[in-house]
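Here's a quick look at a small sheet and one loop residue. Have the viewer open while you read.

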Amino acid sequence: MERIIIDRDASVAIEEYLEYRRIVGDDDGGRLFVPEEYEEYKRKVLPARLRNRLYVSCGVPGGIDCKLIGPETPCFCSHRYKQHQTDFEQVPEERPLALPCRVRGCRCASYLYVLQSGPQAARCRCKHSAQDHSEAPGHLCGKCSTCTGFHSPYTCGCGQPSSAHQTLVETREEREGRGRPVGRDVPYAAMGGLTGFSSLADGYLRLDPSGTGAHMPALGSRFEEACSVQTSDGAGSSGAECVEDWRSREDRDMAFFERRYQERLKMEKAAKQKASSSKAKTRSERSHRK
Ligand SMILES: [Zn+2]
Ligand SMILES: [Zn+2]
Ligand SMILES: [Zn+2]
Ligand SMILES: [Zn+2]
Ligand SMILES: [Zn+2]
């Protein structure tokens, strides 16, 4: 079997590496699979991943999806969505579906998105930051004794308070049942709620409850606007760098998936043209034979 990286355009090699990372994530334990192992991994993992994909979003029940969670979207526990359990051989029956963090020593029992806008880190009513609270269920504050558990006073762009929002984990059937788009099958790990490829923008910024990404071109400037909005409580900006960082990581995700998506559309179109032209050919051959 040919080696993946050698004797090819550097750009093709990079693209293949990115593809590999999106598919394998950290499942190779930090040591690149050889091609045979990679093929074996795909054979073993992809069927269940496609069958059991979970969609993760944050919103007010009955309302729009204010936020669609992607691989790089941080959890309350500070780790990213992709660091949580996202692949299941069999989807558990219990609801809400818990996606525990896989980082060693982290006590996060289930992925939880904390709404925020702009570079301010989310704060609790007790004035302490999300990080000052335990990642374990209950989310008690480590800095004061009056706090009864993390509760953000932030009001989402949809007009509802943070507390009215839920992080929702659902199966394809459940999401379809709510009339929401489920997108195409993708082999990538931890896709969460990404279906269209402008999905990472907040729902109310997208102005597109479908999640299909009709507003892609305007996205860049909307992102900047979203980031420059200041929260009213004027809390300290210690989280600024961190938020900037995940915004740009999410942007990179989006660029990657968008590119792949366009390539696939092009390929499908070409395949369709080929199929229909060969059909036409057969038809004309047949009519010639008559
Ligand atoms: Zn964690
Ligand atoms: Zn977590
Ligand atoms: Zn608190
Ligand atoms: Zn506190
Ligand atoms: Zn909202």
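With 6 of the 6 residues of β1 buried, the strand is largely enclosed by the rest of the structure. Buried here means that 20 or more other C-beta atoms lie within 10 Å of the residue's own, while 12 or fewer makes it exposed and anything in between partly exposed, with C-beta atoms placed from the backbone. Strands are DSSP runs of E with at least two residues, numbered from the N terminus. Keep in mind that this is a predicted model, where local features need pLDDT of at least 70, side-chain atom pairs count only at pLDDT 80 or more, and totals for chains, interfaces and linings use all residues. Residues are numbered from 1 along each chain as its sequence is written, and chains are lettered from A and ligands numbered from 1 in the order in which they are written.

Which way do the residues of β1 point? L54, V56 and C58 go one way and Y55, S57 and G59 the other, and all are buried. In a regular strand, side chains alternate between the two faces of the sheet.

Now for the sheet itself. It is open, has 3 strands in the order β2-β1-β3, and its pairing is antiparallel. Since β2 (65-68) and β3 (166-171) stand at the edges with a single partner strand each, one side of each is left without a neighbour in the sheet. From one strand to the next, the twist averages 35 degrees, taken between N-to-C directions on a 0 to 180 degrees scale, with axes fitted to C-alpha atoms. Two strands count as paired if DSSP finds at least two bridges between them. For β1 (residues 54-59), 3 bridges go to β2 and 6 bridges go to β3.

Some of the facing residues are these:

| β1 residue | Opposite residue | Strand |
|---|---|---|
| G59 | D65 | β2 |
| S57 | L68 | β2 |
| V56 | V169 | β3 |

β1 and β2 make a hairpin with 5 residues between them, and G62 in that turn has a positive phi of about 90 degrees.

Finally, where does D87 sit? D87 is in the loop between β2 and β3. It counts as partly exposed because it has 15 C-beta neighbours inside 10 Å. Leaving out residues up to four places away in sequence, D87 touches V45, A48, R49 and A189, a contact being C-beta atoms, placed from the backbone, within 7 Å. D87 and R53 are 34 residues apart along the chain, with 7.4 Å separating their C-alpha atoms.

Note on methods: Helices (H or I, at least four residues) and strands (E, at least two) are DSSP runs, numbered from the N terminus. Two residues are in contact if their C-beta atoms, placed from the backbone, lie within 7 Å.
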